[in-house]
Amino acid sequence: MTAVTSKFPCLKQDFPASLVVFLVALPLCVGVAVASGVPAELGLITGIVGGIVTGLLPGSSLQVSGPAAGLTVLVLEAVREFGLPALGVIVLAAGLLQLTMGALKWGRWFRAISVSVVEGMLAGIGLVIIAGQLYAAAGLKAPASGLGKIAGLPGAAVDALGSAEALASVAVGAGVIAVIVLWKRMPRRIRAVPGALAAVLVATAAAVALDLPVATVEVKGLLGAVQPPGADAFGKLANPALLGTILAFVLIASAESLFSAAAVDRLHHGPRTRYDKELMAQGAGNAVCGLLGALPMTAVIVRSSANVQAGARTKASRVLHGMWLLLFAALLPSALALIPLPALAGILVHAGWKLIPFRQVVSLWRGHRGEALILVVTAVSIVVVNMFEGVLVGLALSVAKTAWAASHVKLEVIDKGAGPVQAHLSGNATFLRLPKILDTLEALPRNRPVELNLSGLHHLDHACRTALENWAERHSAAGTEPVKLTATVAATEPTEGSAPSERQPGGGVPGAAP
């Protein structure tokens with residue numbers, strides 16, 4: 001015992017923390033798998049790999065990885081379009097790409113993704129999860145598209161009210177949600193058991209004791225669920241749509257993991273995350289999951305925060321949690337067959353609700369309405385179109401907003417009534433602001449001298465430079481002194497030997513790069 005303690009000095013803290021994380025992860029692994037349209041055992045396999053494989057690798061010492069609700073919608077779409085055998089290829093390719101990006105030290109660049117896009121992505125995922133799992137809670141088949149799920153809810157409610165089996169199923173799901181929400185008010189000793197696990201246990205006991213007519217989890221066994229991708233599955237890599245799905249997996253899984261790592265770092269005072277190493281650890285885990293035909297993994301903030309709050313000190317806690325999942329899957333697989341499907345649906349409805357950042361939307365709307373708009377449009381796009389294209393819409397809006405903000409320019413006109421009209425341009429003059437600049441300049445009197453001073457510009461792009469030259473050449477009326485342009489643009493590199501000067505007829509803007 002002394003030797004073990006010396007080799008693992010924090011085992012006293014890590015061992016109980018690993019049990020807490022195991023109890024949190026168990027119902028989520030199963031629930032995410034069922035919601036993704038794959039066997040429940042594949043969720044456990046991903047949790048096992050996330051604990052033992054990714055858990056042993058460097059990166060973030062206290063972050064816990066496994067199947068995440070954030071990828072449920074994408075996995076469901078991929079399985080529906082390409083089939084379950086192709087899932088392994090998608091996850092394997094995504095893992096190899098993550099390994100490559102980590103080796104190239106691209107991990108830190110994922111931190112540059114707009115938080116509004118990530119939160120909008122999670123909000124959209126949450127809405128689709130909630131809508132889809134409401135059907136599952138009633139034992140009904142959900143429409144394929146996110147918009148179809150939401151639009152069909154009134155009809156589903158009518159169908160459920162007319163069926164005793166559906167009402168019983170909904171009652172189980174609603175009971176699970178109620179237990180999870182109210183669990184925080186229980187005494188501290190009772191709350192040692194995670195709310196989601198307690199809710200599943202209560203729902204399972206009620207379904208068995210009352211003999212409720214509800215569907216339960218189908219069990220194939222751990223080895224029976226493993227489906228390594230075959231040659232036919234690899235042949236689907238020639239499909240461009242599948243390549244797009246792989247990129248979506250990489251983008252979303254990597255961003256979610258690295259944003260989660262940043263959040264976990266704020267919860268403890270231990271070693272900070274090494275983002276490139278963490279991206280490689282996630283890649284290694286996904287590559288193994290792909291070879292086993294399992295679900296993709298990401299770092300999961302729910303399990304990670306539970307790990308920190310339970311007192312974990314080192315990566316031993318997350319490795320041990322993976323071992324507990326392995327022991328459960330190997331020794332007690334038949335226990336899964338007792339779990340009612342609507343109970344898992346209730347867990348996922350609650351998880352989807354927590355993905356929607358209500359407070360952040362309100363806060364952003366008060367201080368940064370452009371960011372709030374990006375968040376909402378990203379979420380709506382995911383619901384209306386699909387996950388990948390919705391995220392692309394959000395990224396495009398974020399880039400456009402940043403470009404617009406970076407092109408802030410100020411044009412000040414000074415007219416003393418006599419002498420030349422002076423116009424001072426400052427800031428960043430880009431094509432995005434060109435209409436505003438030209439509208440002001442073209443309103444200047446044509447029968448008086450004009451001096452345009454560009455010395456306050458930090459950047460002048462080619463479109464603006466050309467437009468200003470053309471305006472200067474045609475603005476002044478016959479018999480009026482030509483427009484004078486004076487500038488030293490800080491963001492450009494003047495030709496060797498040149499100096500700030502006034503623009504001569506037929507010349508260009510001094511200091512402006514071609």
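Buried, in this tour, means under 20% relative accessible area. The model on screen is predicted, and the stops below move from the cysteines to the cores, the hairpin, the aromatic pairs and two loops.

**The two cysteines**

Select Cys289 to begin; with a relative accessibility of 0%, Cys289 counts as buried. Now add Cys29 to the selection, which is likewise buried because its relative accessibility is 0%. Draw a distance between the two sulfur atoms: the sulfur of Cys289 is the closest cysteine sulfur to that of Cys29, yet the gap is 10 Å, and therefore too far for a bond. Across the whole structure the number of disulfides is zero.

**Thr46, beside Cys289**

Keep Cys289 displayed and select Thr46, which has its place in helix α3 (residues 40–56). Thr46 is buried, its relative accessible area being 0%. Leaving aside residues up to four places away in sequence, Thr46 touches Cys289 together with Gly66, Pro67, Ala294, Leu295, Pro296 and Met297.

**The nonpolar cores**

Next, select Met121, Ile347 and Met387, which touch the most other members of the largest nonpolar core, a set of 89 residues. Colour helix α13 (residues 240–265) as well, since this helix contributes twelve residues, the largest share of that core. In soluble globular proteins, nonpolar side chains tend to be buried together.

Centre the view on Met387 and show its surroundings. When residues up to four places away in sequence are not counted, Met387 is in contact with Gly70, Val73, Leu74, Glu77, Met121, Ile125, Ile252 and Ile382. A second core, separate from this one, has 22 residues, among them Val409, Leu434, Leu444 and Leu454.

**The β3–β4 hairpin**

From Val409, extend the selection to strand β3 (residues 409–414) and then to strand β4 (residues 421–429); the two strands pair in the antiparallel sense, with six bridges between them. To see the register, pick Leu411, which stands opposite Leu425 in β4. The two strands form a hairpin in which six residues lie between β3 and β4, and within the turn Gly417 has a positive phi of about 90°.

**Two aromatic pairs**

The count of aromatic pairs comes to two. For one of them, select Phe15 and Trp324, whose ring centres are 5.8 Å apart and whose planes stand at 85°, so the pair is edge-to-face. This pair links distant parts of the chain, given that Phe15 belongs to helix α2 (residues 11–35) and Trp324 to helix α16 (residues 316–331), 309 residues apart. Phe15 counts as partly exposed because its relative accessibility is 39%.

Then move to Trp353 and Phe358, where the ring centres are 4.8 Å apart and the planes meet at 40°, so this pair is tilted. Phe358 has a relative accessibility of 42% and therefore counts as partly exposed.

**Two loop residues with positive phi**

Most residues other than glycine have a negative phi. Against that background, select Lys105, a residue other than glycine whose phi is positive, near 60°. Lys105 is found in the loop between α5 (84–103) and α6 (115–137).

Finally, select Asp211, which is not a glycine either and has a positive phi of about 55°. Asp211 lies in the loop that runs between α10 (195–210) and α11 (222–225). Is Asp211 buried or exposed? With a relative accessibility of 65%, Asp211 counts as exposed.

Conventions: Residues are numbered from 1 along each chain as its sequence is written. This is a predicted model: local features need pLDDT of at least 70, side-chain atom pairs count only at pLDDT 80 or more; totals for chains, interfaces and linings use all residues. Side-chain values use heavy atoms; hydrogens and water are left out. A disulfide is a pair of cysteine sulfur atoms within 2.5 Å. Buried means under 20% relative accessible area, exposed over 50%, partly exposed in between (1.4 Å probe, protein chains only). A nonpolar core is a set of buried Ala, Val, Leu, Ile, Met, Phe, Trp, Tyr and Cys residues joined through side-chain atoms within 4.5 Å. Helices (H or I, at least four residues) and strands (E, at least two) are DSSP runs, numbered from the N terminus. Contact means heavy atoms within 4.5 Å. Two strands pair if DSSP finds at least two bridges between them. Rings of Phe, Tyr and Trp (its six-membered ring) pair if their centres lie within 6.5 Å; planes under 30 degrees apart count as stacked, over 60 as edge-to-face and the rest as tilted.
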